[in-house]
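Trainee: I'm new to this one and would like a close look at a single part, the nonpolar core. Could you walk me through it and what surrounds it?

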Amino acid sequence: MKIERIHHVAYRCRDAKETVDWYREMLGMEFVLAIAEDQVPSTHAPDPYMHVFLDAGGGNILAFFELPNSPGMGKDPNTPDWVQHIAFKVDSVKTLEATQKRLQAAGVDVVGPTDHTIFRSIYFFDPNGHRIELAADTATPEMSRRLDEVKWAMLEEWSRTRRAPRHAAWMHEKEFSAA
């Protein structure tokens, strides 16, 4: 079997309409589908919900469930806020910077841009408290090749030691050579 693409990724939201409006306004996503049921199709449990779907580009869909009869939304208290996030690719650093200015003008707190060497990104939260990242690729073919060559060795070393391997330390050095 080979996965073709992400069909959809689903998260919870506090208010379906507010969420759709925010993603349309702030990120330009199209609202593509709404499904509402009084019972869960997979379990047949009586639990009304609104399920909304937004176009995340490239055939990928970002979906949200509003669950009015469930307890309020929470977060995993053992996982730092920076870990769980949704990252979307944008076409350029210029687009990233323009989007940052637009978000900030709309009152959205934005962290970044952060230079990850192979991409630059900004971070912010949606109205539901989900962390969002927008990323613009900046890797050269040589950088990508170098990272590809060490990915398995890095994973194996991490698996044994639970320490950050140094195979790609060049990414964090002020001056690095592509050789």
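**The core and its surroundings**

Mentor: Happy to. The largest nonpolar core has 24 residues, and those with the most contacts inside it are Y23, L27, F88, F124 and L134. Seven elements each supply at least two residues of this core: helix 1 (16-27), strand 3 (46-55), strand 4 (61-66), strand 5 (85-90), helix 2 (93-105), strand 7 (119-125) and strand 8 (131-137). The largest share, six residues, comes from helix 1. Keep in mind that you're looking at a predicted model.

As general background, nonpolar side chains in soluble globular proteins tend to be buried together.

Now pick out F88. If you skip its neighbours within four places in sequence, F88 is in contact with L27, M29, A56, L62, I132, E133, L134 and A135. There's also a second, separate core of five residues, with M143, L147, W170 and M171 among them. While you're at W170, look at R146: its charged end sits over the W170 ring, 4.3 Å from the ring centre.

Back to the main core and the sheet beside helix 1. Four strands make up an open sheet in the order 1-4-3-2, and their pairing is mixed. At the edges you'll find strand 1 (9-13) and strand 2 (31-39), each of which pairs on one side only. On average, neighbouring strands here are turned by 20 degrees against each other, direction ignored. Strand 2 and strand 3 run antiparallel and are joined by seven bridges. For a spot to find on screen, try F31, which stands opposite L54 in strand 3. Helix 1 packs on this sheet and touches strand 1, strand 2, strand 3 and strand 4, with its direction at about 10 degrees to that of strand 3.

Next, the aromatic rings. A search of the whole structure turns up five aromatic pairs. One of them is Y11 with F64, a tilted pair with 6.5 Å centre to centre and 40 degrees between the planes. Y11 belongs to strand 1 and F64 to strand 4, so this pair ties together parts that are 53 residues apart in sequence. The two partners sit in unlike surroundings: Y11 counts as partly exposed because its relative accessibility is 28%, whereas F64 is buried, with a relative accessible area of 0%.

Another pair is W22 with Y23, this time edge-to-face, at 5.0 Å centre to centre and 75 degrees between the planes. Both partners are on the buried side of the cut-off, which is under 20% relative accessible area: W22 has 13% and Y23 has 0%. Put these rings together with one more and you get a cluster: Y11, W22, Y23, F64 and F124 form one aromatic cluster. You've met Y23 and F124 already, since they are listed among the residues with the most contacts inside the largest core.

Finally, zoom out to see where this part belongs. The protein chain has three helices and eight strands, and along the sequence they follow the pattern β-α-β-β-β-β-α-β-β-β-α. The C-alpha atoms fill a box of roughly 60 × 40 × 35 Å along the principal axes. Of the chain's 179 residues, 28% count as buried. And among contacts between residues at least 6 apart in sequence, 51% join residues at least 24 apart.

Conventions. Residues are numbered from 1 along each chain as its sequence is written. This is a predicted model: local features need pLDDT of at least 70, side-chain atom pairs count only at pLDDT 80 or more; totals for chains, interfaces and linings use all residues. Side-chain values use heavy atoms; hydrogens and water are left out. A nonpolar core is a set of buried Ala, Val, Leu, Ile, Met, Phe, Trp, Tyr and Cys residues joined through side-chain atoms within 4.5 Å. Buried means under 20% relative accessible area, exposed over 50%, partly exposed in between (1.4 Å probe, protein chains only). Contact means heavy atoms within 4.5 Å. Two strands pair if DSSP finds at least two bridges between them. Axes are lines fitted to C-alpha atoms, for helices over the stretch in contact, and angles run from 0 to 180 degrees between N-to-C directions. Rings of Phe, Tyr and Trp (its six-membered ring) pair if their centres lie within 6.5 Å; planes under 30 degrees apart count as stacked, over 60 as edge-to-face and the rest as tilted. A charge sits over a ring if NZ of Lys or CZ of Arg is within 6 Å of the ring centre and within 35 degrees of the ring normal.
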